[in-house]
Amino acid sequence: MTTRYVLWQNLLRNPLRTILTAVAFALPMAIFVAAISLVSALIEMGKANERQLRLAVHHKTTIVNLLPEAVRRRVEGLDPQHQRLTAVCGMRWFGGKVPDTQNTLTSLAADPDTFPLVYSDADMTPDETAAWNRDRRACVLGFAIAERYRWKSGDRIVLVSTVPPYLQLEFYVAKVMTAKTQANYFYFRRDYLTESLKEALPGLADAASRCNIFWIKCNSAADLHSLQGEIDALFANTPDETKSEDENAFGANFTQAAGDIPGLMRAMAMVVVFVIALVAGNTMMMSFRERTRELAVFKAIGFQSRRVFFIVLAESLLLALLGSLLGVVPVSALLWFFPVRGLGFGPISALEISPFAVIGSLAMAMMIGLAAGLWPAYQAVRLRTVDALRRVA
Amino acid sequence: MTMALPLSYNWRNLFVRKTTTLLTVLVIAAVAGVLTWMWGFAGALRRSLAVAGDPHTLIIIKNGATSESNSAVSIEDYNKLSQLSDIAHDAAGEILQSPEMMVQVSLPRVRDQGRTFANVAVRGVTFAAFKVHRNVRPLGAVFGTGVPEVIVGQAAAQQFDIKIGDTLSLGYGGDRGYKVVGLFSADGGPLESEIWGYLPALMNSYNRTMYSSANLLLTPGTDPQHTVEQIKGPAIQLTAIPEPEYWQSQAAFIRVYLRIAYALVGIMGVAAIFSIANTMFSSVAGRTREIAMLRTIGFGGRQILLGFLIEAVFLALMGGALGCLGCAAWLRFVGSTKDMFGATTFTTLAFQIRLTPMIIAGALLAVSAVGMLGALFPARRAARVQVVAALREP
């Protein structure tokens, strides 16, 4: 009688329980792997943003208030030799949408000269940069937007702004960005916007050239932190006080405002681990109780304690493996082929499965299996053969 | 007529296998806890938006704007509205038309200790606003007209820790100190997440020459759609949206959030059904002889079936009660506030999540259903125990 045979028979002797446990284990597991995928995507995105070393400078009162264009020159003046900062890119919210549709795109007008430098993650080729520099109507958009509206490089498109004076502008698609961090962004040239605004609002030249935010590409994390303090100090006690934040801190404000779905997923992942542990623990307890006599028989016919311990523990691990595969594999396959798009606005464009999440989920399941099996296995070792044989289940 | 099994039999059975019962109860408690939180949140949202549900209040914004935040209505355009025939009048004969300006201020959230900032709506109003927005009630003092003062909605005051006597830095440059002189309630509606000040003062502080919107109250009995069409027409050319429609459209993000949340709770509910089934099957298997005994002394299969169903419902109710308690403790000690952007306002709607008796009753009902579903097949198996064979079992 091999150990493998015993294990197999144990799982099959009560197939109903094995199935019920596996399903009760698999469903929360499915949630877990999806939640961890989202959380790990966020961590990845945070790291990618960190690598970009971009500092956001916006109005202290609120990002809605516009800062004068001159902020760029004054910030550049802090480091004329460009030892700490690579470039400064002013941006203004356009909030464009495709005429007669509902969704406002995250569309911003950016300083044309510095955009390719500051947004190196847009990954523009020399040809694309040339196109961006050549055509005043050039725009650069993320792949998620391109997919949603079926736009491709070279297309001519029209957006209408949702902020006064509600300009309708035509654009030429110079590039579809493939970086995940830029999936839902749309950038175009700010000189085009400023001129269009001046035409629409004659006499408001200053207002037309103002920006909501200035992105500063820094040379190192230390430079980013020192500039953060210096910039805010530079504009302190002026009519346009600033607040500087790194890209992740800036983004966190919006993640919270969109209801903090990552927070929901994290909380869910914790609840789910709790539920899985209970389900597994419960099954192992029940299974052990029903088989006390049998385990005693094993011991009576000469099975070593170590082997009995192993048999009980291995059953728990096997069950956990079965349940987790049942939950993780279908969800992973589904999300692999059909990533969920449109999670509202926020940094994540799509819920995709991550290999890290799959491995992490399976590891978590094994740990729970181990924990659930330990106590009954210990009990099995401690079992006093004579008593147990006499006990009536 | 056979006698029903006494309830105490079912109740006490649960304590024969304490660990298994406890583990199952905890599974149900986890699901019930999450469910009650979701319902609390959904309820807060529904309550808030239902309050802003007066179809005779119209919000008028510029064509092309998607909300008051990105709308600019010139004073000239605003004045054209007074020709509308269906606007209500107050006792003094004044038309109930309110010019309003919407700006934002960035304030630290209490719930994450100020790590992130929310964009809070600041609304410049005249005293007409209190007549047009009928559910807005100042609690105490109101802002003066000659001094920089504001009043703060209760929800905003709570979530962004604003107290009477505080000074808020408003104005385009954030350099005008406005003193908080009072709070206001809006029956829990979305306006309670805002800060209100005197329109001319705020327009000056923000260098504005235009209003953001006009709010109108229509005479009861008139057709709001008629006025909406009139405002759209060539003479005025603005966009009018009835208040309920406006605020419902702002809840788009929140609905996405709730859909995800409900899907997750649903999946966990199914897992709980399987978990209960597992426990009950084991309970039936362990009690085969006992069931046979009950049958022998005259209890029918139906009574046995019912007995196990009741047992599962007891189990589920214990879990449900524990879950509700857990949720209440969470709301009490960890936090019960949540705020989210409106879909287009770019300002935050603040909620207070509360457990109402309805939610608790609903959660207990839901877990009872989960318990029954889980116990159905085990109970059927129990009812079909072959008496003679079972009595012979070890």
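Tutor: Helices (H or I, at least four residues) and strands (E, at least two) are DSSP runs, numbered from the N terminus. Please keep in mind that this is a predicted model.

Student: How many helices and strands does chain B have?

Tutor: Counting the runs of each kind along chain B, one arrives at 13 helices and 12 strands.

Student: Is chain B more spread out than a compact globule or not, and what is its radius of gyration?

Tutor: The C-alpha trace of chain B spans about 95 × 45 × 35 Å along its principal axes. For 394 residues the globule rule gives 21 Å, and chain B lies well over that, so it is more spread out than a compact globule, with a radius of gyration of 29 Å.

Student: Which element gives the most to the side of chain B that touches chain A?

Tutor: Between the two chains, 50 residues of chain B are in contact with 46 residues of chain A. The elements of chain B that give two or more residues to this side include α2 (18-51), β2 (97-108) and α9. The one that gives the most, with 18 residues, is α9(B).

Student: How are α11(A) and α9(B) oriented relative to each other?

Tutor: The axes of helix α11 (residues 261-290) of chain A and helix α9 (residues 252-286) of chain B come within 11 Å and cross at roughly 5°. Angles under 35 degrees count as roughly parallel, and therefore α11(A) and α9(B) are, relative to each other, roughly parallel.

Student: How many charged residues does the contact of α11(A) with α9(B) have?

Tutor: Residues that meet here include Leu264(A) and Met268(A) in α11(A), and Leu264(B) and Met268(B) in α9(B). By class, the contact has 12 nonpolar and six polar residues, while the number of charged residues is no more than none: there are no charged residues.

Notes. Residues are numbered from 1 along each chain as its sequence is written. Chains are lettered from A and ligands numbered from 1 in the order in which they are written. This is a predicted model: local features need pLDDT of at least 70, side-chain atom pairs count only at pLDDT 80 or more; totals for chains, interfaces and linings use all residues. Axes are lines fitted to C-alpha atoms, for helices over the stretch in contact, and angles run from 0 to 180 degrees between N-to-C directions. Angles under 35 degrees count as roughly parallel, over 145 as roughly antiparallel, 65 to 115 as roughly perpendicular and the rest as oblique. Two residues are in contact if their C-beta atoms, placed from the backbone, lie within 7 Å. Ala, Val, Leu, Ile, Met, Phe, Trp, Tyr, Cys and Pro count as nonpolar, Asp, Glu, Lys and Arg as charged, and the others, Gly among them, as polar. The radius of gyration is taken over C-alpha atoms; the globule rule is 2.2 Å times the number of residues to the power 0.38.
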